[in-house]
Amino acid sequence: MAEIVIDHVTKRFGSFTAVSDIAMRFADGEVACLLGPSGCGKTTLMRMLAGLERPTSGRILFGGRDVTALPPRKRNVGMVFQYPVMYPTLSVAENIGLPMVHDRSVSAAEREKRVAEVLDVLDMRDKATAFIEELDAGSRQKVAVGRAVARQSEIVLFDEPTTNVEVNAKLALIRAFKLVTQRLRQTIVYVTHDQTEAMTLADRIALMQAGRILQYDRPHKLYDEPSSEFGGWFLGNPGMNFVPAEAAGGTLRSPLLAEPLAKPASLPGDGKLTLGIRPELIRMTGAPETGSVPAVLTDQAIGIAGRYLTKVRLGEIEVKVNTDRRPPAALGGTVHLTVPVERLAIFRNGERFSP
Ligand SMILES: Nc1ncnc2c1ncn2[C@@H]1O[C@H](COP(=O)(O)OP(=O)(O)OP(=O)(O)O)[C@@H](O)[C@H]1O
C-alpha cells in the first residue's frame, strides 16, 4: 500500500511562497496528475515528494511512513524527469534493468522477467539489444518510463516527461504509459501543464494555482463541474464563458437568459454573480427559439475536426460558441443562443456555488 499523504506542506523561497499549505492524499494505485499554469508550484511540490527539496513546514507520508526528512535514495520511488539520464553504452534492456542490479531483494531471474514484461508492454521487444543512442527522443523516454516502473517501487514520479518529445512519439509514449500503469498499479504522480495529457492519463487531476490545489477530482468532473472560475477558464480549449448575472428578489437575471430564472433556494443573498457555460453547450440557431437570446456573430468560424469555433456579442459581452455545424449567419449577422439552464455554473467571487 502506498498512499501519499501531503500534510499541510508549505515551501517558501525567501519571502516567496511557492507551495502554500497543501493538505491532500493521492490514493494507492492511482494516477494523479498535477496540472496548472507555469509557476503554480507543480515542480516544487514534486521535488518535495522526490526528496530533492525539503518542505518549509508540513510532512509527507508514503504508505504511512514519514519520509519528510529522507533523501531521495531512501524513499524507494521511481522518477522520470524531462531529461532522464541514460547510459549510452548500455542496451535498452540493460538501462531498464539497471536500478535493480544493486537491489538484493531482486534476483537476476526476477530482474530479467520484469525487464521482459516492461519491454513487452512498451512494445519494444525488438529494441531490447539496441543502444540508447540509436533511439529517437520518444523511444528514449519510453525506456525512461520502463526503467522507472520496472523496479516496481510503489510510487513513481513523473515531471513533464513528454516535454521534449515530438507530437506523434508523444501519443505513443502516453499510450505506453497508460498500459504500463494499468498493468502495474503503482501510485503515480505526474506533473504536466498540458490539459489533454492530464485528461488522458489521470485517474484524478489536482488543479493547481498560485501554490494551492484548487480542486482534486476525476477529469470529467473537473471539466463539467469546476469549483472555481479559474478551473472553468483553464480547462477546455477554449475555456468556459463567463457572463455577468444579478440575483434580486428571488430571481437571477443575465444577458444570457431570455427570462429570469428562479434563484436556487440555497444560494444566499442578492447581488452580482457570474454565470459560466462551456462553449460547446450553447445552441446557436438562425431563428429565435423558446428561451433564446439574440446575438451578433463577430468572428469567422474556424472549422476543426467537424466542429466550428466562433465568437458572438451579447451587447458588450463576448461569448465563444463551439458547434457541430457552420454558424447560421454571415459575419455581423444575428444568431440566436439557447443555453441549457441546468448546465449553467453559478460563481460568486470566483468560487462556484453548488446547490
Ligand atoms: N529554488 C528556487 N528559488 C526561488 N524561487 C523558486 C525556486 N524554485 C521555484 N521557485 C519559484 O516558485 C514558483 C513555482 O515554481 P515551480 O517550478 O514549482 O512551478 P511550476 O508550476 O512547476 O512551473 P513550470 O511549469 O514553469 O515548471 C515560481 O514562481 C518559481 O520562480
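## Close-up views of a predicted model

**View 1. Here's the lining of the largest cavity in this predicted model.** Val-145, Pro-161, Thr-162, Leu-173, Ile-174, Phe-177, Tyr-190 and Leu-201 line this space. How much space lies in the largest cavity? About 30 Å³. The count of cavities of 30 Å³ or more comes to one. If you're wondering which element gives the most to the lining, look at helix 5 (residues 167-184), with three residues. Sorted by class, the lining has seven nonpolar residues, one polar residue and no charged ones.

**View 2. Now we move to the largest pocket, with a volume of about 500 Å³.** Its lining takes in 20 residues. Want to find the centre of the pocket? Val-77, Met-79, Pro-99, Arg-147 and Arg-151 are the lining residues nearest to it. Strand 6 (77-80), helix 2 and helix 4 each chip in at least two lining residues. Which of the elements gives the most to this lining? That's strand 6, with four residues. By class, you'll find 14 nonpolar, two polar and four charged residues around the largest pocket.

**View 3. Helix 2 (residues 92-101) gets its own close-up, with its buried residues picked out.** Those buried residues are Val-92, Asn-95, Ile-96, Gly-97 and Met-100. So what covers them? The cover includes helix 3 (108-121) and helix 4 (137-150). You've met helix 2 and helix 4 already, as suppliers of residues to the lining of the largest pocket.

**View 4. Strand 16 (residues 293-297) pairs with strand 20 and with strand 18.** With strand 20, the pairing is antiparallel and runs over four bridges. One place to look is Ala-295, whose bridge partner in strand 20 is Val-335. Strand 16 and strand 18 (residues 307-314) also pair in the antiparallel sense, over two bridges. Here, check out Val-296, whose bridge partner in strand 18 is Arg-313. A handy thing to keep in mind is that side chains in a regular strand alternate between the two faces of the sheet.

**View 5. Last up is Thr-338, a residue of strand 20 (residues 334-338).** Is Thr-338 buried or exposed? Thr-338 counts as buried because its relative accessible area is 16%, and the cut-off for buried is under 20%. Leaving aside residues up to four places away in sequence, Thr-338 touches Leu-281, Ile-282, Arg-283, Glu-289, Thr-290, Gly-291 and Ser-292.

Definitions and conventions
Residues numbered from 1 in each chain as written. Predicted model: local features only at pLDDT ≥ 70, side-chain atom pairs only at ≥ 80, totals over all residues. Heavy atoms only, no water. Buried < 20%, exposed > 50% of the residue type's maximum accessible area, 1.4 Å probe, protein only. Contact = heavy atoms within 4.5 Å. 1 Å grid on protein atoms, 1.4 Å probe; cavity = no way out; pocket = protein on both sides within 12 Å on 5 of 7 lines; lining within 4 Å. Points joined across faces, edges and corners; volume = space filled by probe spheres on them. Nonpolar A, V, L, I, M, F, W, Y, C, P; charged D, E, K, R; others polar. Pairing = 2+ DSSP bridges.
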